[in-house]
Amino acid sequence: MVLGAALAPLIFHAGKSMADLPILDGYISAVLKRSDFDRYFNRAILLAALICIIPLLRSLELGRNSLRLFSIKANPFWKSHFLGGFFLAGGFLLLLGCAYLALGLFECENGFDLRMAGKFMVTALVVGLLEEWIFRGMLLDAVLRSGRTAIALLFVTFFFALVHFLKPPGTIDLNDADVKLTTGFWMIGQIFIHFGNPVFIAAEFATLFAVGWVLGWARLRTCSLWLSVGLHSGWVFSYELYRYHTFMPKRYS
């Protein structure tokens, strides 16, 4: 958290400066421009987790093989596991979204955009591969070498939920000009306000924990990352696609 808070303002100002570069795609440039500090903060926290996992593995004194995933085996069914997980997770999430539309909890906002769907697919694949390699790959493999399977799954799932839970409240409205080198540390204080709200913890943290548990179970069951990558990517793709094409009426927000 400390490293992420220190990196967040630097990444924020770098992203805003790069937004005007002509070599960047129009979509990337638009995302860099419209993204608020809280989104840069979230990415900085994930980057810090990626950086800090290296000394964590080294601290376990695993030697030269500390970055090798011993509990991962070759998966001859990797295609079916990946595609099955993707369509299972993404399909059920979209079905649930359709039910919300039928109940009037959400309403359609934009027509279907194939280009945006392609961008969401790229995002889903990158997020799924990266996060599964970090959490269910490197971290879970390291903990499995020093503890029982159930304890390792519980620890990694809790850590996964905690990292994603460390996000700023949606009510924060921070202007770009107000972002200073200490803004990341101020944001940490705002985040811990969440822990005083039991409803928020039940709704957000419990959901993240359940998702992490399913992904971890899939990884242990198959001794491979492909099923968990497919599940993770399917959830991210359907979530982004649904969020882009729908909105929640003010009477429910």
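**Exercise 1. In which hand does α4 pass α9: left-handed or right-handed?**

Solution. The model is a predicted one, in which local features need pLDDT of at least 70, side-chain atom pairs count only at pLDDT 80 or more, and totals for chains, interfaces and linings use all residues. Residues are numbered from 1 along each chain as its sequence is written, and side-chain values use heavy atoms, with hydrogens and water left out.

Step 1. Identify the elements: helix α4 covers residues 78-103 and helix α9 covers residues 226-245. Helices (H or I, at least four residues) and strands (E, at least two) are DSSP runs, numbered from the N terminus.

Step 2. Take the axes, which are lines fitted to C-alpha atoms, for helices over the stretch in contact, with angles running from 0 to 180 degrees between N-to-C directions. Those of α4 and α9 come within 7 Å and cross at roughly 30 degrees.

Step 3. Classify the angle: under 35 degrees counts as roughly parallel, over 145 as roughly antiparallel, 65 to 115 as roughly perpendicular and the rest as oblique. The helices α4 and α9 are therefore roughly parallel to each other.

Step 4. Assign the hand. A crossing is left-handed if the near helix is turned anticlockwise from the far one by less than a right angle, and right-handed if clockwise. The passage of α4 over α9 is right-handed.

Step 5. Sort the contact residues of α4 with α9 by class: 17 are nonpolar, nine are polar and none is charged. Here Ala, Val, Leu, Ile, Met, Phe, Trp, Tyr, Cys and Pro count as nonpolar, Asp, Glu, Lys and Arg as charged, and the others, Gly among them, as polar.

Step 6. Add a residue of α9, namely Y239. The C-alpha atoms of Y239 and L94 are 8.0 Å apart, although 145 residues separate the two along the chain.

**Exercise 2. Determine how α5 meets α8 and α9.**

Solution. Step 1. For α5 and α8, the axes come within 11 Å and cross at roughly 65 degrees. That angle makes α5 roughly perpendicular to α8.

Step 2. The passage of α5 over α8 is right-handed. Contact (heavy atoms within 4.5 Å) is made by E132, R136, L140, D141 and L144 of α5 with G212, L215, G216, R219 and L220 of α8. These residues divide into four nonpolar, two polar and four charged.

Step 3. For α5 and α9, the axes come within 8 Å and cross at roughly 140 degrees, and the crossing is again a right-handed one.

Step 4. On the α5 side the residues that meet α9 include M116, F120, A124, E132 and R136, and their counterparts in α9 include S228, H232, V236 and Y244. By class, this contact has 13 nonpolar, four polar and four charged residues.

**Exercise 3. Describe α8, its cover and the residue that follows it.**

Solution. Step 1. Helix α8 (residues 198-222) has 25 residues and reaches 35 Å from first to last C-alpha, close to the expected 36 Å. The expected span is 1.5 Å times one less than the number of residues.

Step 2. Buried residues (under 20% relative accessible area; exposed is over 50%, partly exposed in between; 1.4 Å probe, protein chains only) in α8 are F200, F205, L208, G212, L215, G216, A218 and R219. An α-helix has 3.6 residues a turn, so residues three or four places apart point the same way.

Step 3. The cover of these buried residues includes α5 (114-144), α6 (149-165) and α9.

Step 4. After α8 comes C223, which lies in the loop between α8 and α9. Phi of C223 is near 55 degrees, a positive value in a residue other than glycine. With a relative accessible area of 25%, C223 is partly exposed.

**Exercise 4. Place M187 and R58 within the overall chain.**

Solution. Step 1. The chain contains nine helices and two strands, in the order α-α-α-α-β-α-α-α-α-α-β. Of its 253 residues, 38% are buried.

Step 2. M187 is located in helix α7 (residues 183-191) and is buried, with a relative accessible area of 1%. Neighbours within four places in sequence aside, M187 is in contact with F37, F41, P168 and I172.

Step 3. R58 belongs to helix α3 (residues 37-59) and counts as partly exposed at 45% relative accessibility. The C-alpha atoms of R58 and A142, 84 residues apart along the chain, are separated by 9.8 Å.
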